[in-house]
Amino acid sequence: MTAIAVEVGKEARRTALILAASQAIIGSAAPIAISMGALAGQYLLGADKSLATAPITGFNLGVALGALPAAAIIRRMGQRGGFMTGTVVTALGGLIATSALFHGSFWLFAFGLAVIGVGGAFVQQFRFAAADNAPPEFKARAISFVLAGGIVTAILGPQIVIFTRELFAPVMFAGSFAAILPLAAAGAVILSFLQLPARVPGRVEIADSDARPLAEIVTKPRFVAALFCAVGSYALMSFVMTGAPLAMVGCGLSEDDATLGISWHVMAMFAPSFFTGSLIHRFGAERIVAIGLLLLIGCGAVALSGLALWQFWTALILLGLGWNFSFIGATAMVAASYRTSEKGKVQGFHDFVLFGSVACASLMSGMVYNAWGWTMLNWMIFPVAVLCFVALGALKMTSARPA
């Protein structure tokens, strides 16, 4: 039995490492879209720049709308085939976005980023796949392993932007989005090494017999609190991060400063993932979520203290750290709230709600920034963080209540 457990653990680590490597490569499409989406939107728009962040909204909306179809495709084709399908979608989005920049079409560009977002919906399933193929004691660490691949993403994505932004000058930014095609191809090659258990129809039917209705699962206090904290932390991160490049350039800093700021931010999002899972295993997911929320509040405080480059970068680093703790903690809470037979529909519902909210946050970011500026973007952190603390407190009171 011990030998079997050791073998299962080794296979779980191998799966998590392959998914982390693929996340590192194909996941670089996200920082390319995020760091350049609003600036390219400004470049394509006329005098009215209020919709500059709409392409990033398209990206987030694509992730949201792609969540349920991605889960269904992965369930039908298996994780290996489903994830490789996602790389094709990502490459298609990069092709559309590049073509839109050459044709000067703002809305086609936004559509291209939406398609990249649909491809990103498959990438978002990596963390769940790592957890689902891991023994209970390794689940949180498996999620962290996958998200740790984002460290490479934090370096690779922004560096691609810096070196390719003017590749097709005078058509600005086209080179950065064209680079998504080889990234998708490399991610597909890495995913081809996945060796996951084949689906056995009979076994699935037996497993599905104990599945609860989705409405029953998503109304459980633990799932509600986890989803609320995941949505709150991720939407806040998107809201502030989307407006940050516009604010930095608007304050006279360079586009490279803005891109490197996003690089530091993405690094902070994923670097703690090496130990976040261990912290969750030791202290519990709820405490780690609470620490993440405090870091998000710290981000707001630093951002409101001034407009120097170090203040922008420090705020973005705290924003990334806060996201890491709060979002990985909330994901671990979600992963503990469903049975194996329920994972497809629960994960799809979770990501649909999550990224639908994130899409709204990214669109509102541009509107709020244009109407009230960078200061108002950061004041919004405080009430949302407080509401997340209320959700955690309500869960603790519910859990403490005698059965």
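1. Let's start with what surrounds the largest cavity: its lining residues split into 20 nonpolar, nine polar and one charged. Keep in mind while you look around that this is a predicted model.

2. How many residues line the largest cavity? The lining is made of 30 residues, and if you want to find the centre of the cavity, look for G27, A30, F59, Q124 and Y234, which lie nearest to it.

3. As for how much room there is, the largest cavity holds about 450 Å³ of space. If you count cavities of 30 Å³ or more, the structure has one.

4. Which helix gives the most to this lining? That's α5, with five residues. Helices that each supply at least two lining residues include α5 (106-124), along with α1 (2-26), α2 (29-44) and α3 (54-77) from earlier in the chain. Further along, α13 (221-250), α14 (255-270) and α17 (309-335) also each bring at least two.

5. Now turn to the surface. L61, L65, L68 and F352 make a nonpolar patch there, covering about 360 Å². Helix α3 provides the largest share of this patch, three residues. You've met α3 already, as one of the helices with at least two residues in the cavity lining.

6. Zoom in on L61, which sits in helix α3. Why is L61 called partly exposed? Its relative accessible area is 40%, and the label fits because partly exposed covers values between the 20% cut-off for buried and the 50% cut-off for exposed.

Key. Residues numbered from 1 in each chain as written. Predicted model: local features only at pLDDT ≥ 70, side-chain atom pairs only at ≥ 80, totals over all residues. Heavy atoms only, no water. 1 Å grid on protein atoms, 1.4 Å probe; cavity = no way out; pocket = protein on both sides within 12 Å on 5 of 7 lines; lining within 4 Å. Points joined across faces, edges and corners; volume = space filled by probe spheres on them. Helix = DSSP H or I, 4+ residues; strand = E, 2+ residues; numbered from the N terminus. Nonpolar A, V, L, I, M, F, W, Y, C, P; charged D, E, K, R; others polar. Patch = residues over 30% accessible without salt bridge, like charges linked within 9 Å, V, L, I, M, F, W, Y side chains within 5 Å. Areas by Shrake-Rupley, 256 points an atom, 1.4 Å probe, with all protein chains shown as cover. Salt bridge = Lys/Arg side-chain N within 4 Å of Asp/Glu carboxyl O. Buried < 20%, exposed > 50% of the residue type's maximum accessible area, 1.4 Å probe, protein only.
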